[in-house]
Amino acid sequence: MTLGTRGLLTLTVLAAVLLPACAHATPPRLSNIDRSQFINRSMAAEDILRIWVLYIGQGDAILVQFPRAAAEPGVEMLVDGGKSGPKLQQHMRTLYPLATPSAPTAIEHVVLTHHDTDHMQGLSGLFNDPRFTFAALHHNGLATWVRPTGLPAAARVVRDGDRFMGRLQDTGSAFTEEFRVDGLDTFRAGIDNDQFQGVYKTYAARLADNVSSASRATRGESLDLSGAGADVSVNVLWPEDTLHAYDGRSWSHTINGNSVVLNLQYNNFSMLFTGDMNSHSEESFRHVLTSSGMAGSVEVDVLKIPHHGSADNEEAFIRMTNPVISIASMGNQGFTRWGHPDEDVVSWAGGFRRTFHTHAHERQNYAGRTNAMVEGSHIVVETDGEWFRVFELRDLDDALPTVTQTAGGDGTRWIRAE
Ligand SMILES: [Zn+2]
């Protein structure tokens, strides 16, 4: 017997009615979708955690505003800074209109996931902005050095032209301690001895002058979020204490492969920050997670797609994160030249309907309910730890879509965090 259209319809309706009642029997990907529903939700202002994936051209710049307990000034974390100092400064001034040189706003945590220009250079500009102060910088320890003299000709190193990243141990691909930065003293020593190069040299000088402390972020550590209210945590999942060269000592694969990966948790809500991890390092990371029984630590509500959605991602790793929503950030160059975000990567993360990216897309006009193609939007995640929503914002000083508009089905629906 074949089912007619009517029979299929009946089955579909039946399934829709029955699925919520047997949620545990549904596969994980379906249960994620079932979590999304339209509700009237108004969150108490002090409970809101906001994550701004800023449209900043090519690169990542992600600001996290932790929920602020009454009378507390709040705790902020900036993950990377894109490659334009002026753009990042402009966005930060819009988001913190009360910040002035005489009453600067404190950014408690700055994370440089890795020292590629499109993540680092914007920070150089922001460090020089007297409207902000910076407490703690977290980084992976790699830097761009002038190639040292006196190394044996056969020394195993990672370099690109005369730029030098570090020396490897005689056997294997592990970095020696010799050329890794850590606290401010290591930055100052590199500056005093004129050992850094290019954009890294500027970055190191600006951070040494403007950041209160610096340290390596390694797997197993947690950021000190005192003052951010209860129930929030940020754990470092990658890199391990020993850094490795990737893809035959490739400069770019090694920088990306040692990206700092963070898991942010706020009650039931979680988000994974992945820098520019690539397929080689994701494979290593996945093995570390699996062998230590920690695979669940990367399964999240929201995934920052690694490396702007590059095709150089590992399917098994992306599937392991099993996100409800994923977000990729990129500029025109990444979108048109490199095809970010890659179609396969998006499908592993759950498909286009569940993926946001910062470059070109159909933007919904919340007030007029009309759609238009626009180039470049910021992506905002808002959560109280129980529910979250994700929406696009063309301009940072635009009003956020309201709950009523959300309930109207404009794509900013609330999703239950699990
Ligand atoms: Zn990048």
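D194 is found in the loop between α5 (184-192) and α6 (198-210). The phi angle of D194 is positive, about 55°, although D194 is not a glycine. D194 is exposed, because 9 other C-beta atoms lie within 10 Å, and the cut-off for an exposed residue is 12 or fewer. These values, like those that follow, come from a predicted model.

A second residue invites the same description. N267 is found in the loop between β11 (261-266) and β12 (269-273). N267 also is not a glycine, and its phi is positive, about 45°. With 16 other C-beta atoms within 10 Å, N267 is partly exposed.

The overall make-up of the chain comes next. The protein chain has 12 helices and 20 strands. Of its 418 residues, 44% are buried. Contacts in the chain were also sorted by sequence separation. Among contacts between residues at least 6 apart in sequence, 65% join residues at least 24 apart. The largest nonpolar core has 95 residues. I62 and L262 are the residues with the most contacts inside this core.

Strands of a sheet pair through backbone hydrogen bonds, either parallel or antiparallel. One open sheet has 9 strands, and its pairing is mixed. The strand order is β9-β5-β4-β3-β2-β1-β18-β19-β20. β9 (211-216) and β20 (415-416) stand at the edges. Each has a single partner strand, so one side of each is left without a neighbour in the sheet. Within this order, β1 stands beside β2. Strand β1 (residues 49-53) and strand β2 (residues 62-65) run antiparallel and are joined by 4 bridges. R50 stands opposite Q65 in β2. The core residue I62 falls within the range of β2. Leaving out residues up to four places away in sequence, I62 touches I51, W52, V53, L54, V79, D80, F273 and K304.

Another open sheet has 3 strands, in the order β6-β8-β7, with antiparallel pairing. Its edge strands are β6 (145-146) and β7 (157-160), and each of them pairs on one side only. β6 pairs with strand β8 (residues 163-167) in the antiparallel sense, over 2 bridges. F164 in β8 is the bridge partner of W145. On the other side, β7 and β8 are also antiparallel, and 4 bridges link them. Here V157 has R167 in β8 as its bridge partner. β7 and β8 form a hairpin with 2 residues between the strands. In this hairpin, G161 takes a positive phi near 60°.

Where does V158 sit? V158 is placed in strand β7. V158 is buried, because 24 other C-beta atoms lie within 10 Å, and 20 or more count as buried. Apart from residues up to four places away in sequence, V158 touches M165, G166, A245, R249, W251 and T254. One of these contacts links distant parts of the sequence. V158 and W251 are 93 residues apart along the chain, yet their C-alpha atoms are separated by 6.0 Å.

The helix α8 (residues 279-291) allows a check on length. This helix has 13 residues, and at 1.5 Å a residue they should span 18 Å. The expected span is 1.5 Å times one less than the number of residues. The end C-alpha atoms of α8 are 18 Å apart, which agrees. The buried residues of α8 are S279, H280, S281, E282 and F285. An α-helix has 3.6 residues a turn, so residues three or four places apart point the same way. The elements that cover the buried residues of α8 include β10 (232-238), α7 (251-257) and α9 (315-321). After α8 comes G293, whose phi is positive, near 70°.

Two cis peptide bonds complete the description. One joins W238 and P239, with omega about 5°. P239 is found in the loop between β10 and α7. The other runs from H340 to P341, with omega near -5°. P341 lies in the loop between α10 (332-337) and α11 (343-348).

Definitions and conventions
Residues numbered from 1 in each chain as written. Predicted model: local features only at pLDDT ≥ 70, side-chain atom pairs only at ≥ 80, totals over all residues. Pairing = 2+ DSSP bridges. Contact = placed C-beta atoms within 7 Å. Core = buried A, V, L, I, M, F, W, Y, C linked by C-beta atoms within 7 Å.
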